[in-house]
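Me: I would like to go through the empty spaces and the ligand site of this structure, asking each time what a term rests on. Please show it to me before we begin.

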Amino acid sequence: MRSASSSPLSEPILPYSRQWIDEADVAAVEEVLRGDWLTTGPTVDRFERELERVTGGRHAVALNSGTSALHAMYAAAGVGPGDEVITSPLTFAATANAALYLGATVRFADVDAATGNIDPASVANLLSERTRAVVAVDYAGHPADYAALRRLAGQWSTVVLADGAHSLGATQGGKMVGTLAMATALSFHPVKSITTGEGGAVVTGSRRLAARVRAFRNHGIIRDSGLLRRRGAWYYEVRALGYNYRLSDIHAALGASQLRRLDDFIRRRRALAALYTERLGHLEAIELPRARADTAPSWHLFVVRVREARIRRRLFEHLRAAGLGVQVHYIPVYWHPHYQSLGYRRGLCPQAEDFYRRAISLPLFPRMTEADVDRVVDALSSGLAKLRARPRT
Ligand SMILES: *Cc1c(COP(=O)(O)O)cnc(C)c1O
């Protein structure tokens with residue numbers, strides 16, 4: 001493949017996503033650095049209350065990554081050895097890994113070809129008395145079909161949990177992500193809706209689940225005097241095994257500052273997605289993502305799918321050579337060698353595998369300009385024209 005010659009050296013690489021830090025963010029972090037608390041303290045409290053306000057969730061608990069949020073959320077929902085957790089393979093490995101940390105077995109349900117979200121019909125085939133939780137991933141920022149999942153889970157008295165790493169700021173039926181499932185895990189990695197550098201949170205309507213997450217992030221320690229077996233100002237108890245998954249006040253200061261701009265970030269992502277939709281509509285060789293009627297996605301990703309899987313690799317390489325940081329989300333989780341070693345086989349979820357084979361994530365982040373969008377549109381058009389002219393190279 002020819003490479004550098006087609007790369008416009010004057011133009012910077014456009015990543016598939018990236019953070020937007022402003023002076024207010026820098027000042028907020030600096031203020032914490034000059035104060036008394038660096039680890040989990042008053043700024044984490046404030047960040048959690050702001051998350052509750054923004055999501056409409058009754059309880060938010062901040063943790064030091066989206067992965068630790070998933071781990072804590074599953075543990076708090078009672079996932080343990082011998083249990084089954086049903087989730088989508090079209091996700092970052094952490095969604096499934098966190099169930100393995102707890103000794104549970106992961107059952108992969110196939111995805112809906114239209115959205116890439118877990119397909120309730122496939123979930124129905126996997127539910128049993130062993131199912132402890134159904135975990136939906138709001139793929140690309142598009143909330144899953146929670147109404148259907150809740151109905152199914154109700155028949156088996158299991159819970160529906162959300163991996164909302166992509167979807168902070170999205171709504172379904174007018175309800176915010178954070179209120180659609182029994183509990184929702186969020187990520188604040190720099191590519192996500194807002195960032196704390198590294199960080200995450202669990203948002204839930206359940207006071208009990210929130211209390212368990214809170215203990216889990218701090219070694220399992222309980223200090224609430226009403227719950228302790230002995231008295232003493234020094235006294236605390238480790239009730240259930242936990243970890244050090246605490247977020248620092250330094251990170252929380254960045255998070256609280258970023259959260260003020262969440263609406264702007266999401267509005268901007270939606271406007272850019274609308275521009276892509278308008279300007280790519282004439283390209284018949286690709287399928288564009290579309291929101292379901294009652295959902296307003298956060299557009300964490302804008303994933304186009306080539307109609308013919310065999311051209312995906314060359315189109316991807318053409319876009320990379322044009323300086324575009326395109327990505328593929330995701331390699332089906334059970335294709336990874338660790339999952340293969342556990343006995344999962346290719347072919348398990350045909351829709352997810354087909355989705356993966358045809359997907360390309362285009363650059364999409366709030367600071368992108370209309371000119372950036374045009375650059376991506378031009379590169380896609382020229383790539384497809386080249387592939388049509390020389391179909392076998
Ligand atoms: C980013 C992400 C995670 C993990 O979040 P971290 O904050 O990176 O640990 C989990 N699930 C999905 C779907 C993600 O995109």
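Reply: The lining of the largest cavity divides into ten nonpolar, two polar and three charged residues. The model is a predicted one, in which local features need pLDDT of at least 70 and side-chain atom pairs count only at pLDDT 80 or more, while totals for chains, interfaces and linings use all residues. Residues are numbered from 1 along each chain as its sequence is written, and side-chain values use heavy atoms, with hydrogens and water left out.

Me: What makes a residue of that lining nonpolar, polar or charged?

Reply: Ala, Val, Leu, Ile, Met, Phe, Trp, Tyr, Cys and Pro count as nonpolar, Asp, Glu, Lys and Arg as charged, and the others, Gly among them, as polar. Of the 15 lining residues, Ala114, Thr115, Ala140, Pro289 and Arg290 are the closest to the centre of the largest cavity.

Me: Why is one space called a cavity and another a pocket?

Reply: On a 1 Å grid over the protein atoms alone, a cavity is a set of points where a 1.4 Å probe fits but cannot get out, whereas a pocket is an open set with protein on both sides within 12 Å along at least five of seven lines; lining residues have an atom within 4 Å of a point. The largest cavity has a volume of about 150 Å³, and the second largest pocket one of about 490 Å³, a volume being the space filled by probe spheres set on the points, which are joined across faces, edges and corners.

Me: How do you know which pocket the ligand occupies?

Reply: A molecule sits in a pocket if more than half of its atoms lie within 2 Å of the grid points of that pocket, and the space taken by the ligand is the second largest pocket. Of the 29 residues lining this pocket, Phe92, Ala93, Ala94, Lys192 and Tyr330 lie nearest its centre.

Me: What makes the pairing of Thr67 with the ligand a polar contact?

Reply: A polar contact is a pair of N or O atoms within 3.5 Å. An oxygen atom of the ligand is 2.6 Å from an N or O atom in the side chain of Thr67, so this pair meets the cut-off. A polar side-chain atom of Asp163 lies 2.8 Å from a nitrogen atom of the ligand, and for Tyr330 the side-chain N or O atom is 3.4 Å from a ligand oxygen, so these pairs also qualify.

Definitions and conventions:
Polar contact = N/O pair within 3.5 Å; in protein donor to acceptor, adjacent residues only side chain to side chain.
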